[in-house]
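Biologist: Hello! Could you help me read this model?

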Amino acid sequence: MDRLLRGYGAAVYLFLFVPIAVVVVFSFNAGEHVAELTGFSLRWYVEAWTNPFIVEAFRTSITVALTSATISMFLGTAAALAMPSAPRRLRRTFDVMVNTALVVPGIVLGISLLIFIVTATNWLNSWIAYLVPSSDLRLGLGFASLVAAHSVFGTALVTILVRTRLASMDLRVIEASADLYAPPLRTVCTVTLPLLAPAIFAGFLLAFTFSFDDFIIAFFTRGRAETLPIYLFASIRRGVSPVVNATASSLLAMTVTCLAVAAVVFWRRGSNRTEKGIP
Amino acid sequence: MYRVMGAPAVVWYLLFLAAPLIVLLVVSLGRRSPNGGYQPGLTLEQYGQLGTRWTAFANTVELGLVGTVVCLMVAYPMAYVLATRGGRYKTILLALVVVPFWTSLLIRTYAWVFLLGNSGIPALLRDLGIAEGVRLLNTPFAVVLGIVYNYLPLMILPIFVSLDRIDQGIRQASKDLGAGPARTFLRITLPLSAPGIISGVLLVFVPVLGEYLIPVLLGGGQIYFLGNALADLFFQSRNWPFGAAVATAFIALVMVLIGFYRKAASRLAPGTEQEGML
Amino acid sequence: MIQIMTKRSGVRLVAAMAGSVLFLAACAPGTDEAVGGEGGDAEDAELGDKLTLATWPNYHDPAIIEAFTEETGVNVDVNVYGSTEEMEALLRGGSSGIDILMPTHYAVPGWIEDGLVQKIDYSKLGDVDLSTWNELFVDQPFDPGNVYTIPKNWGTTGIIYAPEAEDPVTSWKEFFERASGDLTGHSVIVDHQISSIGSAAVALGYDLNTTDPDELAEIEQLLVGLKPDLWAITSDVQPPLRNGDSWSSIAWTGDGVQVQRDNPDYEYVIPDDGGELWVDNWTIAADAPNAAAAHAFLEFVLRPENSAADTEFCLFPHANPAVQELLSPEVGENPVIYPEQAAIARMTLSSAEAYNSEARAEMWARIKSSS
């Protein structure tokens, strides 16, 4: 039984990693062909990272993901802290909206944001033109609409994570702080937030990942902003090139590095804490 | 004093979630203008045509369900292995499950196009003399495989968490009282891991319903999901009102399915509903 | 941030709302550069330092774009789209901040009619003389007199067949017959109603651009019946060809060139019974923030030597014979890229009616969702 289980585990890992291995192996392939191996080469990496379009798309992706994850982090944390003491009706409305954000399929969210932003900006633009005829200011789809779209889902993620953490926290710590006459703000900064940090960080990370990997919402709301998944999808359409594999492998390497760094940091902090006896 | 801190999030949601959904509803009542796009109107015409996308609705629900169930069947034993046999390396092993999730969904799925294509697994089967002329790519099988592959970590994680929480003492007690492994599993482990299963299924099923890339890349246009129908309506026919109507119906469908699911789940495993989505 | 916000509890809501409005304002790509950009009436108007281009992937030689930046100081922001429809969605959204778009010709009449593109000021383009260009692509019904558009590269919708197909596939009639005959399970049609419905129409002896209900019904019957026998309906036609999954495929010129370059056993044919001809066009958005820079860019890329570099890069034919002369023999004399004039004269430009037809779009959805 034991062996069977371990064998199963190994099989699942194989299933998970074979496709990734294929991508990585072919990214080092010397030949133009995606289908046969002809030797080792780094040329596709050079080509990928000297291709201005790929670099630009990568930069956009990172910026969008960082911005939307940061917004999600602030909005979500603030909301999770605020909602327990908010008026019931507001709390309910907010819960409905968070659940909706989590449940509405990405493609529908993308479509409705596309329609909304187009409608709203056309309306605003006509007002701008009417009120300030000399102004060239015009609003439309783009970087900001993409950030807004991604932060809708991200905020819900952060809210849920922080809320769960709050629920499992010992609230007496916060009460104790209040009993010791710490002003509320101080309690938040010195007691609540540090205790919530892991959940906030996890939320940020998830929101970042979601945004960075998202294709479908960006497909609709990107306007002229171009993220990496959008670029890769478009370039796959007109013939594959090992450049795509090299790009993907570079991303993989970056992810693994980030995860490893995060793991080391967390592990260190964890061991420090237990030494000092802080739960 | 916390009260007002919730305001930005509420405003944000009113602006970028509630308002867009309302506009979606309004547009779904309009008409397509001759060169594509939207013409204001107040008609239910678009909803009358929903029947023309019936196959897309049916495919989405059917393959979404199959994909989620298969995902669960693959994920549960894996989560069990990690929770019970992980030992010291539990965290690292778990992280390994999540790593693929952090690489581009597009590329991961694309790798399967190569693996399932003629020069991939079918060639291997042919060379080994196992089977000739197997067709894997552009079949429902490929789409289900793509779903399982891409969403497996989302299923494994919550199940792992709930399994990991189970006090070994309870299982030991069950054994001590003379229950065999099968009985212990069925009466103790499985029920206690129900919350994990319930949130895992929800975490997978909901995004799968909205899939676009997997059917496009692995279904080769032969498997038509709602996501594909919607993308076509916006990017091929440029029929915004009908697209909005399909999207609205889609939301209704998801809500109804989730409503049923929550009810069923709370009956099967009472006391889990407060765990909500996660 | 939370700290700051809690201190000023009274004004927070107002601030948040104002912030959101401001955020919306920030949704405007091109606002910053738009403020500085002058309309472009003056001959020597400031070009500004930015230009945004919506185009196809791998369609421009990056060196040419860099050279333009060097010459004028204008940075070019290139955004790629997988289809004309995606560019159109962007353009119809309004205030896209895009200056130049690259639609395939069939979208152009709708764009002109709806005022989405602006007239090209030929006085700023130097000595561009379209009358010497290939007559099949200039002064066509989609834009009589080329008031709004100038062709970039053109192409054909043809057939690629693999050696496994054994006999050549030489016409649309043969393509569709054999797709459910000896090539069952190995044929691919593209996920694009204009090309696929159009080619099937040609196979049945109808016009490529038909919107006649009876003819469409017959085509639908053919394609629905054919679907189970196809390998795929996909616009990514190259991967299945290269993997050996598809042996006979509808394809566009660029696919033909790339597949044949890597695999000389594959053939790209212009069908005997004709089919679709298309041309991508330089257009300037009506609300282009940098119209002056857009004209300067057109002037630059239309210089034959620069167009030739682009053509060498993207491997689609160019309508200017002066460009063809400058090409390397591998490109300029490649029969896949430049087929005989007689072969392409058999073909038809796809029409805006076919592109905008709701009947064809709905029919395509029915075909794709049939099983």
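**Domains, helices and chains**

Modeller: Gladly! Taken over C-alpha atoms, the centres of domain 1 and domain 2 of chain C are 28 Å apart. This is a predicted model, where local features need pLDDT of at least 70 and side-chain atom pairs count only at pLDDT 80 or more, while totals for chains, interfaces and linings use all residues. Residues are numbered from 1 along each chain as its sequence is written, and chains are lettered from A and ligands numbered from 1 in the order in which they are written.

Biologist: Where do the domains of chain C lie in the sequence?

Modeller: Domain bounds come from an automatic or database domain assignment. Here domain 1 of chain C covers 36–154 + 278–332, and domain 2 covers 155–277 + 340–369.

Biologist: How many residues of domain 1 of chain C are in contact with domain 2 of chain C?

Modeller: Two residues are in contact if their C-beta atoms, placed from the backbone, lie within 7 Å. By that rule, 15 residues of domain 1 of chain C meet 16 residues of domain 2 of chain C. On the domain 1 side, 11 are nonpolar, 4 polar and none charged (Ala, Val, Leu, Ile, Met, Phe, Trp, Tyr, Cys and Pro count as nonpolar, Asp, Glu, Lys and Arg as charged, and the others, Gly among them, as polar).

Biologist: How many residues of chain A are in contact with chain B?

Modeller: The contact joins 61 residues of chain A and 63 residues of chain B. The side of chain A that touches chain B has 48 nonpolar, 11 polar and 2 charged residues.
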